[in-house]
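Hi,

Here is the structure I promised to pass on to you. Have a look at it first, and then read my notes below.

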2 protein chains.
Amino acid sequence: MKNCLKALRAERRWTQQQLADALGVSRQTVNAIEKGKFDPSLPVAFRLAALFACRIEDIFSPNSG
Amino acid sequence: MKNCLKALRAERRWTQQQLADALGVSRQTVNAIEKGKFDPSLPVAFRLAALFACRIEDIFSPNSG
DNA sequence: CCAATTTGTAAAGCACACTTGACATAAGGT
DNA sequence: ACCTTATGTCAAGTGTGCTTTACAAATTGG
């Protein structure tokens, strides 16, 4: 699963901490998702899409599909 | 998190087992997701959307958002 | 250069996504 | 009534999403 979270966050000039707070997760979780260490849960994915005013499919794309 | 998986599956006249096989998860997992016992992982959500040829947002909707 | 902020990473622990195996109930066809 | 298929559910186990605490490296600004 790839994602363009880092780019979206950079556009807004938010720190990982600010995004984490807005998302309701820890900074380490934001960092791990950005670095591709794991995929977010579906609820967190929905909150991300809401925050960036786009679709989940605009942020994440499965590696093979 | 609500979902209309049961309705989508019924439209296609698929059994839980057939959907599970197509998804690559167990029948119990399909059943649990349909019954709202837990939310699928993001990869499984993407596979569901692909199978039903729609967006994740068309299948799932967060309870408060 | 120095100090503060930001990012990257690690370990231990809890909750949940998902598994296999098993069994009860429901629904359909003969 | 019987047999088969479909659904609902439970239990125990594995892997991972996410937490807290902590610290090192990188970046930014005086």
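Around DNA strand C, the residues of the nearby surface divide into four nonpolar, nine polar and seven charged. For that split, Ala, Val, Leu, Ile, Met, Phe, Trp, Tyr, Cys and Pro count as nonpolar, Asp, Glu, Lys and Arg as charged, and the others, Gly among them, as polar.

Before you go on: this is a predicted model, where local features need pLDDT of at least 70, side-chain atom pairs count only at pLDDT 80 or more, and totals for chains, interfaces and linings use all residues. Residues are numbered from 1 along each chain as its sequence is written, chains are lettered from A and ligands numbered from 1 in the order in which they are written, and side-chain values use heavy atoms, with hydrogens and water left out.

Back to strand C. It has 20 residues around it, and the closest are A:Asn31, B:Ser26, B:Thr29, B:Phe38 and B:Ser41 ("near" means that a heavy atom of the residue lies within 4 Å of the strand). Of the atoms of DNA strand C that come within 4 Å of the protein, 65% belong to sugar and phosphate.

Now some polar contacts (pairs of N or O atoms within 3.5 Å). The side chain of B:Ser41 has an N or O atom 2.6 Å from a phosphate oxygen of DNA strand C, and for A:Lys35 the distance to a phosphate oxygen of that strand is 3.5 Å. B:Gln28 goes for a base instead: a polar side-chain atom lies 2.9 Å from a base oxygen of DNA strand C. Helix H1 (5-12) and H3 of chain A, together with H3 of chain B, are the elements that give two or more residues to this surface (helices are DSSP runs of H or I with at least four residues, numbered from the N terminus).

What about DNA strand D? It is surrounded by 20 residues, and A:Ser26, A:Thr29, A:Phe38, A:Ser41 and B:Asn31 are the closest. Here a polar side-chain atom of A:Gln28 sits 2.7 Å from a base oxygen, while one of B:Arg9 is 2.8 Å from a phosphate oxygen.

Finally, how do the two protein chains relate? A rotation of 180° with 0.0 Å of shift along its axis puts chain B on chain A, with an RMSD of 0.0 Å (a least-squares fit on the C-alpha atoms of residues with pLDDT of at least 70 in both). That is the relation of a two-fold axis.

Cheers

Conventions. A polar contact is a pair of N or O atoms within 3.5 Å; within protein, one must be able to donate a hydrogen and the other to accept it, and residues adjacent in sequence count only if both atoms are side-chain atoms.
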